[in-house]
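Got your viewer open? Load the model, pick a plain cartoon style, and we'll walk through it one selection at a time.

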Amino acid sequence: MRKLILILTIFSLLSCNRKEEIPKELEYSFEYLNEVWSPEDIEVFKNIKKNDTTPNNLHFGIGLHLRNNLLRHHSKSDTIVAYFNSLGITHYDYMSGLILYSYHQHLNNENIDIQDKVNEIIISEKPYVECVKEQKIIGLEKYNKFEVNDTINVKMPVSKNNSVVYYGCPNLDWEFRKSFDLSIDGVITDKFYEKDSLGAYFKVKILTKNHPKTEIFMNEVNVGDKFEVSLIDSAWKIKTTGNNVYN
């Protein structure tokens, strides 16, 4: 009888220790998923195998839901986001993915361990993080170099849909194609900088446009219209009209 009590006590302690190892922020996330998913959905997710394509399909729907609800508009949002930030994870997509990854471990009674995944994300994001740091410096230099009423030329890559696209970090290299990409001469009517963020912009009034029918982000723009030029984390090329050097 004494041996049985001892065994039960050990199992109880192991169970308690395992529970204590789960960060409370992940437990909040598990509780949320238990509420929003039906028992059938939970069972399907539990039985997903690593090589199964189903997790990607499920992640698209529930990942979006987690980002918009649990990570942004929930009583525990700040706590959960702060937890992931402390691990070096700042993007909501990665947070939702790690929540689902750990939830799958939880459902299958595995040890909750996301550190390997966190390390993979940080390594994969390193080129992006370094690019953003560099672009912030470059963007602020552009912001300080040009003034309201300056006339500038902006060159922008264009997609097959005949609309300007936005190349961000870390893939900023592209060559301007005169017959296809958009080139606009315009005058800066306003400039604004969002402190403590990656936001520095010019508002530009269009004077000339090399391809009249080309849209900007699927919006029609014509001579005389105004549009915003992002100066940070952008592959768009900017120079003073008449100058041969682009920034």
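Start by selecting Tyr 103 and whatever surrounds it; bear in mind that this is a predicted model. Leaving aside residues up to four places away in sequence, Tyr 103 touches Phe 30, Leu 33, Asn 34, Trp 37, Ile 42 and Phe 45. Apart from that spot there is another core, of 22 residues, which includes Tyr 143, Val 154, Val 164 and Ile 232. Give that one its own colour and keep it for later.

Back to Tyr 103, which is one of the residues with the most contacts inside the largest nonpolar core. That core counts 28 residues, and Leu 26, Leu 33, Trp 37, Leu 66, Phe 84 and Ile 99 are also among its best-connected members. Which elements give two or more residues to it? Show helix H2 (24-36), helix H3 (39-46), helix H4 (54-70), helix H5 (77-86), helix H6 (92-107) and helix H7 (115-145). H6 gives the most, with 6 residues.

Stay with the helices and select Asp 93 and Arg 67. Their side chains meet in a salt bridge, 2.9 Å from N to O. Asp 93 sits in H6 and Arg 67 in H4, so this pair ties together parts that are 26 residues apart in sequence. Are the two partners buried or exposed? Asp 93 is partly exposed at 33% relative accessibility, while Arg 67 is buried at 16%.

Now go to the start of H2 and pick Lys 24 and Glu 25. They form a salt bridge too, with the closest N and O atoms 3.0 Å apart. Lys 24 is partly exposed, at 44% relative accessibility, whereas Glu 25 is buried, with a relative accessible area of 10%. The structure holds 5 salt bridges, and we'll stop at one more of them further on.

Next, the sheet. Colour the strands separately and you can read off the order S6-S4-S3-S1-S7 in an open sheet of 5 strands with antiparallel pairing. Strand S6 (226-230) and strand S7 (237-240) stand at the edges with a single partner strand each, so one side of each has no neighbour in the sheet. Look along the sheet for the twist, which averages 40° from one strand to the next.

Zoom in on strand S1 (residues 151-156) and strand S3 (residues 182-194), which pair in the antiparallel sense over 6 bridges. To find your bearings, select Met 156: its bridge partner in S3 is Leu 182.

Then bring H7 back into view. This helix lies across S3, strand S4 (199-209) and S7, and runs at about 100° to S3.

While you're on H7, select Cys 131 along with Cys 169. The two form a disulfide, with their sulfur atoms 2.1 Å apart; the count for the structure comes to 1 disulfide. Cys 131 belongs to H7 and Cys 169 to the loop between strand S2 (163-164) and S3, so the bond ties together parts 38 residues apart in sequence. What hand does the disulfide have? The torsion about the S-S bond is about -70°, so it is left-handed. Both ends are tucked away: Cys 131 is buried at 10% relative accessibility, and Cys 169 is buried at 11%.

Last stop: Asp 181 and Arg 177. Their salt bridge has its closest N and O atoms 2.7 Å apart. Asp 181 is buried at 0% relative accessibility, and Arg 177 is partly exposed at 38%.

Methods: Residues numbered from 1 in each chain as written. Predicted model: local features only at pLDDT ≥ 70, side-chain atom pairs only at ≥ 80, totals over all residues. Heavy atoms only, no water. Core = buried A, V, L, I, M, F, W, Y, C linked by side-chain atoms within 4.5 Å. Buried < 20%, exposed > 50% of the residue type's maximum accessible area, 1.4 Å probe, protein only. Helix = DSSP H or I, 4+ residues; strand = E, 2+ residues; numbered from the N terminus. Contact = heavy atoms within 4.5 Å. Pairing = 2+ DSSP bridges. Axes fitted to C-alpha atoms, helices over the stretch in contact; angles between N-to-C directions. Disulfide = S-S within 2.5 Å. Salt bridge = Lys/Arg side-chain N within 4 Å of Asp/Glu carboxyl O.
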